[in-house]
Structure formats: C-alpha cells, structure tokens
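User: I've got a model open and I'd like to go through its ring pairs and strands. Can you walk me through the reasoning behind the labels?

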Amino acid sequence: MRTLLTTALMVTLGLFAVSAPALAHHGTANYDTEKSVSVTGNVTDFQFVNPHVLIYMQAKDASGKTVNWQGELTSPNRLSRTGWKRDTIKPGETITITGFPAKSGSPEIWIQKVSLADGTKLDTSGGN
C-alpha cells in the first residue's frame, strides 16, 4: 500500500512539473498592460490557428518607414463564439489594431480592439 501511495504521489508531482510551462504560456507577461498603442496598416497575413490567432500587418512609423507588426489574439475557439471565421480578415485589408505593446519594444501587440477600414469594430472578447 505504501508503494502505491508513493507512486501516485510521484506521478502527481511529475504531472504538475510538466504542466507548469503550459500554464505559463497563457499570460501577458511579454506585454506592457499599463500602455496601449494603436497601429493602422495593411494586413499581410491572418492566421486563424491555435493556440492564438495572429494578425500580421505593415504600417508606417512616425518617420514614414514601413514596419512589420504582429498582433496576437485569443484562441480561434473563443473568437468563433463571437462570429470570427478563417476569412474575417483578409490580406490587403486596411485595419487598426489597438492593444498592449511588447515590453521589448518589438513591433508586437496583444490585441484588445480591431477596427476595419469602414469603422466596423470586431468583437475580441472571445465570448466572455
């Protein structure tokens, strides 16, 4: 009986150790949640994939230089609950994304808002 209990405890501890990195993945630790930035540009790619939906776009910075931005959203499962599909955003479209910038200063955003060129705002709540 003691061997069975020890084995169960070791397996449980092992599972916790393996699952910790998976839980850490879903944070906003890479982003400055005290700041918000908006970027308007042309979509170059839209990936409706797990674990996070990604929007890639080109925008001009203050000096007129083209910058390649990456925006990250929640999972496709959550966004599909609010009507998002694989073709909700198309390459070539002009959109504005607003959200938390990367702490590193790289052109990345944890997206909080998406606005289409016609002013339509897409629901990014994920069905919450």
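**Hairpins, strands and rings**

Analyst: Sure. This is a predicted model. Let's start with a hairpin: strand 4 and strand 5 form one, with 6 residues between them. In its turn, G105 has a positive phi of about 90 degrees.

User: How do you know that strand 4 and strand 5 pair, and in which sense do they run?

Analyst: Pairing takes at least two bridges. Strand 4 and strand 5 are joined by 7 bridges, so they meet that cut-off. They run antiparallel, and P101 stands opposite I109 in strand 5.

User: What makes strand 3 and strand 5 a pair?

Analyst: Same test, at least two bridges. Strand 3 (residues 66–72) has 3 bridges to strand 5, in the parallel sense, so the pair counts. Here G71 stands opposite I109.

User: And what makes strand 5 and strand 6 count as paired?

Analyst: They have 2 bridges, in the antiparallel sense; the rule asks for at least two, so they count as well. K121 in strand 6 is the bridge partner of S115. Their hairpin has 4 residues between the strands, and G119 there takes a positive phi near 95 degrees.

User: On to the rings. How many aromatic pairs does a search of the whole structure find?

Analyst: The search finds 3 aromatic pairs.

User: Why is the pair of Y31 and W110 called tilted?

Analyst: The ring centres are 6.0 Å apart, and a pair needs them within 6.5 Å. The planes sit at 50 degrees, while stacked means under 30 and edge-to-face over 60, so this pair is tilted.

User: Which parts of the chain does that pair link?

Analyst: Distant ones, 79 residues apart. Y31 is in the loop between helix 1 (2–24) and strand 1 (37–47), and W110 is in strand 5 (residues 108–116).

User: Are Y31 and W110 buried or exposed?

Analyst: Y31 is buried, and W110 is too; that label means under 20% relative accessible area.

User: Why is the pair of F46 and W84 called tilted?

Analyst: The centres are 6.1 Å apart, against a limit of 6.5 Å. There are 35 degrees between the planes, neither under 30 nor over 60, so tilted is the label.

User: What does the pair of F46 and W84 tie together?

Analyst: F46 lies in strand 1 and W84 in the loop between helix 2 (76–80) and strand 4 (94–101), so the pair ties together parts 38 residues apart in sequence. Both F46 and W84 are buried. Ring pairs also link F46, F48 and W84 into a cluster.

Note on methods. Residues numbered from 1 in each chain as written. Predicted model: local features only at pLDDT ≥ 70, side-chain atom pairs only at ≥ 80, totals over all residues. Heavy atoms only, no water. Buried < 20%, exposed > 50% of the residue type's maximum accessible area, 1.4 Å probe, protein only.
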